Amino acid sequence: MESPTSAASRVDFYGFLDRMRRPAAAGLFRSIKSFLASLYLDEPSAEEDGARVQAFYTAMEAAFREHPLWANATHQEIDHALEGLEKYIMTKLFDRTFAASPEDAAADAEVSERIALLQRFVKPEHLDIPKVLHNEASWLLAVKELQKINSFKSPRDKLLCVMSCCQVINNLLLNVSMSNDRTPSGADEFLPILIYITIKANPPHLHSNLKFVQLFRRETKLVSEVEYYLTNLISAKMFIINVDGRSLSMEENEFQMHMETAKLDTQICVASPSSSQSSATSTSGLQNQTGTEGLLLILSDHLKPFFLV
């Protein structure tokens with residue numbers, strides 16, 4: 001799987017810049033500058049900006065094909081030019097188009113805070129992930145790939161991080177299937193692992209990253225395997241937002257107690273940073289007790305004032 005920092009990715013971008021510096025490309029460069037300037041004449045609107053950017057991709061593809069600099073160019077060479085164009089204009093537009101609205105900032109905060117709570121108690125068994133698929137090394141690699149998403153400013157580079165994460169999971173499923181003579185796994189096993197990886201990773205701005213890729217990645221590239229993986233990560237985000245007890249194979253009252261305990265522990269850690277490590281250790285030990293009993297011990301410790309009637 002190509003990475004955002006691979007040689008191929010750099011060739012696309014720097015090859016595009018090299019052609020844009022040539023005198024023959026002056027007209028194309030003026031068109032790009034004019035488009036960027038026209039966008040800034042209007043108030044930011046993610047959906048409207050997305051539609052205008054997609055239309056510009058289409059117009060520039062036709063311009064490339066008709067331009068002497070790409071005379072007799074192959075489909076792949078045109079594609080490389082368009083990849084360079086996308087990265088160039090979206091890097092220029094990043095501050096305008098990524099997490100730019102109060103609504104997006106609020107959605108990012110909601111998802112991140114909810115994941116932070118789920119991290120404290122959700123285990124693979126809560127998502128019905130078979131033990132044969134438990135592989136800490138693969139999961140850690142997938143987590144690291146997903147966490148890279150905020151290191152890049154172009155839709156393609158962000159999407160490559162998603163793809164790398166998902167392919168680590170897919171490779172795990174294939175290897176386990178081959179080594180254990182199992183039926184190849186489908187979405188019923190892929191998605192729960194991706195949900196667990198997303199919870200473990202808690203990548204900042206998850207909502208905004210997904211929205212950014214959906215709106216500004218070239219539409220012709222959001223197909224096939226790419227579309228499948230992106231759709232699954234969107235589904236993972238929606239699962240996290242709407243998660244309840246039934247989603248995690250537990251009673252609803254138990255789920256709510258876990259969430260309240262997580263909130264209390266978070267508040268305690270914020271109020272007393274020096275005690276956060278001992279608090280986490282204590283909570284971890286209690287959560288290893290059987291079922292609701294350990295959870296009730298946690299709650300009784302934190303909620304003593306409320307139990308005194």
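Modeller: Let's start with a rule for helices: the expected span is 1.5 Å times one less than the number of residues. Keep in mind that we're looking at a predicted model.

Biologist: Okay, how many helices and strands does the protein have?

Modeller: It has 15 helices and 0 strands.

Biologist: Let's try the rule on H9. What span should H9 have, and how far apart are its end C-alpha atoms?

Modeller: Helix H9 covers residues 187-201, which is 15 residues, so it should span 21 Å. Its end C-alpha atoms are 20 Å apart, which agrees. Just after H9, Asn202 takes a positive phi of about 40°.

Biologist: Is H9 mostly covered or uncovered?

Modeller: Mostly covered: 11 of its 15 residues are buried. Among them are Phe190, Ile193, Leu194 and Ile197. For the protein as a whole, buried residues make up 45% of the 309 residues.

Biologist: Which helices do the buried residues of H9 pack against?

Modeller: They pack against H6 (102-118), H7 (136-147), H8 (155-179), H10 (206-216) and H11 (224-242).

Biologist: Now for cores. What's the general idea?

Modeller: In soluble globular proteins, nonpolar side chains tend to be buried together. Here, the largest nonpolar core has 50 residues, and Leu118 and Ile169 have the most contacts inside it. The elements giving two or more residues to this core are H6, H7, H8, H9, H10, H11 and helix H12 (252-271). H8 supplies the largest share, 11 residues.

Biologist: What does Ile169 touch?

Modeller: Leaving out residues up to four places away in sequence, Ile169 touches Ala142, Phe190, Ile193, Leu194 and Ile197. There's also a second, separate core of 31 residues, which includes Phe16, Leu39, Met60 and Leu69.

Biologist: What about loops? Where is Leu248 found, and is Leu248 buried or exposed?

Modeller: Leu248 sits in the loop between H11 and H12. The cut-off for buried is under 20% relative accessible area, so Leu248, at 1% relative accessibility, counts as buried.

Biologist: Which residues does Leu248 touch?

Modeller: Not counting residues up to four places away in sequence, Leu248 touches Phe121, Val122, His126, Leu127, Phe239, Val243 and Phe255. Also, the C-alpha atoms of Leu248 and Glu125 are separated by 8.4 Å, though these residues are 123 residues apart along the chain.

Biologist: And across the protein, what share of contacts with a separation of 6 or more comes from residues 24 or more positions apart?

Modeller: That share is 77%. As for the outside, the protein exposes about 16000 Å², and carbon and sulfur atoms supply 55% of that area.

Key: Residues are numbered from 1 along each chain as its sequence is written. This is a predicted model: local features need pLDDT of at least 70, side-chain atom pairs count only at pLDDT 80 or more; totals for chains, interfaces and linings use all residues. Side-chain values use heavy atoms; hydrogens and water are left out. Helices (H or I, at least four residues) and strands (E, at least two) are DSSP runs, numbered from the N terminus. Buried means under 20% relative accessible area, exposed over 50%, partly exposed in between (1.4 Å probe, protein chains only). Contact means heavy atoms within 4.5 Å. A nonpolar core is a set of buried Ala, Val, Leu, Ile, Met, Phe, Trp, Tyr and Cys residues joined through side-chain atoms within 4.5 Å. Accessible areas come from the Shrake-Rupley method with a 1.4 Å probe; for residues, only the protein chains shown count as cover.
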